[in-house]
Amino acid sequence: MSTITARKGFVQQTDVLHSTSSSTTNSIAVSPEDTPRQSPSSTSLSSLASDNDLDLKTVDGKLLDTYGNEFHLPDFTIKQIRDAIPAHCFNRSAAKGLGYVARDLASLAATFYLFHTYVTPENVSSTPARAALWALYTFVQGLFGTGLWVLAHECGHQSFSPSKTLNDTVGWFCHSALLVPYFSWKISHGKHHKATGHLERDMVFVPKTRDQYASKLGHFAHELTELMEETPIVTAGTMIGQQLVGWPLYILANVTGHNYHERQSEGRGKGKQNGFGGGVNHFDPTSPLYEAKDSKLVLLSDLGLAITLATLFLIGSNFGWANLAVWYFVPYLWVNHWLVAITFLQHTDPTLPHYEPQSWNFARGAAATIDREFGFIGRQLLHGIIETHVLHHFVSTIPFYNADEATEAIKPIMGQHYRSHVEGGSIGFLKSMWNSARMCQWIEACEGAEGEKKGVLFFRNRNGLGVPPQKLSPPAELQAARSDS
């Protein structure tokens, strides 16, 4: 078999040893078919979900990713993935998890102490030098804060320890301190994991279809091939906006999440839609992102934010708002930046497919992610969330410190469907942001695709990069209107 390593402009395939053996010592060797289907609003982020049986005929027709590489639909099962993972990789240690929390908190405290004590006018007389050092402080604290965010993310997936009570307690404290509504995020994030790559159910970075993208620009879908290239400065401006306010927009207005709320099982989504004032957010217990049984958890999340905001108000009132901005709010923006960048690049890449409902199943969706490399920062400070994301979408209860070994174990099963982009390390990660922003503007079906393949969509763009978008005819109504005129 071969694995796919995403590169700019091409996909490199490297041979790996094929293994069909199942570990007889695996204590958690079950498939979604063998387990009860969980409620979509479950606060336990189990990676098990229903593998829909697809009994659709596939008509010959090539599926091409944005680079032009031929894509074949994954045919492995979740049971094969889980059976390939050594049993000890599923073991979770409360002591180890708490040790990492203590390390990150100590790093935050030590950094604050050192800068507050020594980066003063008495010790550093140059104002520009002091400003540069405090700018460095905000960057470093942003990394440590992101590491703490990731540990709370582990708690939400119950991979932090065997105790749900400990997991949710630690997760609530850590996320609340970072102004994240822990339980509210946990519930919606669980739905993201259960529907990754599903255009009508996924919860984050759901790409625009061709029609949606064209409509946003005030054009018809068939006109996209006639438009000029998006200027690099517009791309840069969009990226800056995404990195600055992407996370607040997501929790406040569900930006980048699906917008099919009318289908909410309890009728909560009637008349509601994404956007400010649309009634879809992570703070309101009546939001269609949640069911009635989730209300207390949403309110508990809000309480955590209220406590943090009250604490910050007291600090600002007593020590000055400018100081608070440097001590907390600028590092907070760095945390948001890393969170958005990481999530964006985990689910946005020229090699990744997205699925319409008739072509989606859990294994296909979980495989529609990509691992990247961020060097020491990614593996040590950010706890490997960048480097082992593919494995995480198949089995989210494996703790991060066992994820590298588990990733290697599933590569032979995934074969060409395992994706990684490790070229250039940290610099390559940052370059990928630009590459994805330029190449991944909307998704559409591949030309000539029929049957099941018609529901597999890939990124296209109007910048002349990669496979060109299809040339479409104007809709019949438009042609009729033009002929009448």
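Start by selecting Pro 232, Thr 235, Ala 236, Met 239 and Gln 243 in helix α7, then add Met 433, Trp 434, Ala 437 and Arg 438 in helix α14: these two groups meet each other. By class, this contact brings together six nonpolar residues, two polar ones and one charged one. Keep in mind as you look around that the model is predicted.

Now show both helices whole. Select residues 232–253 for α7 and residues 425–439 for α14. Two packed helices are described by the angle between their axes and the distance between the axes. Here the angle is about 115 degrees, and the axes lie 10 Å apart. Turn the view until one helix lies over the other, and you can follow α7 as it passes α14 in a right-handed crossing.

Next, step back to Thr 231, which sits in the loop between α6 (210–217) and α7. Is Thr 231 buried or partly exposed? Its relative accessible area is 38%, so Thr 231 counts as partly exposed. Keep Thr 231 selected and add Arg 438, a residue you met in the α14 side of the contact. Thr 231 and Arg 438 are 207 residues apart in sequence, yet their C-alpha atoms are 9.6 Å apart in space.

For the last stop, go to helix α5, residues 182–194, and pick out Lys 186. Lys 186 has a relative accessible area of 0%, so this residue is buried. What does the side chain of Lys 186 make a polar contact with? Select Asp 168 to see the partner: the two side chains make their polar contact at 2.8 Å.

Key:
Residues numbered from 1 in each chain as written. Predicted model: local features only at pLDDT ≥ 70, side-chain atom pairs only at ≥ 80, totals over all residues. Heavy atoms only, no water. Axes fitted to C-alpha atoms, helices over the stretch in contact; angles between N-to-C directions. Helix = DSSP H or I, 4+ residues; strand = E, 2+ residues; numbered from the N terminus. Left-handed = near helix turned anticlockwise from the far one by under 90°. Contact = heavy atoms within 4.5 Å. Nonpolar A, V, L, I, M, F, W, Y, C, P; charged D, E, K, R; others polar. Buried < 20%, exposed > 50% of the residue type's maximum accessible area, 1.4 Å probe, protein only. Polar contact = N/O pair within 3.5 Å; in protein donor to acceptor, adjacent residues only side chain to side chain.
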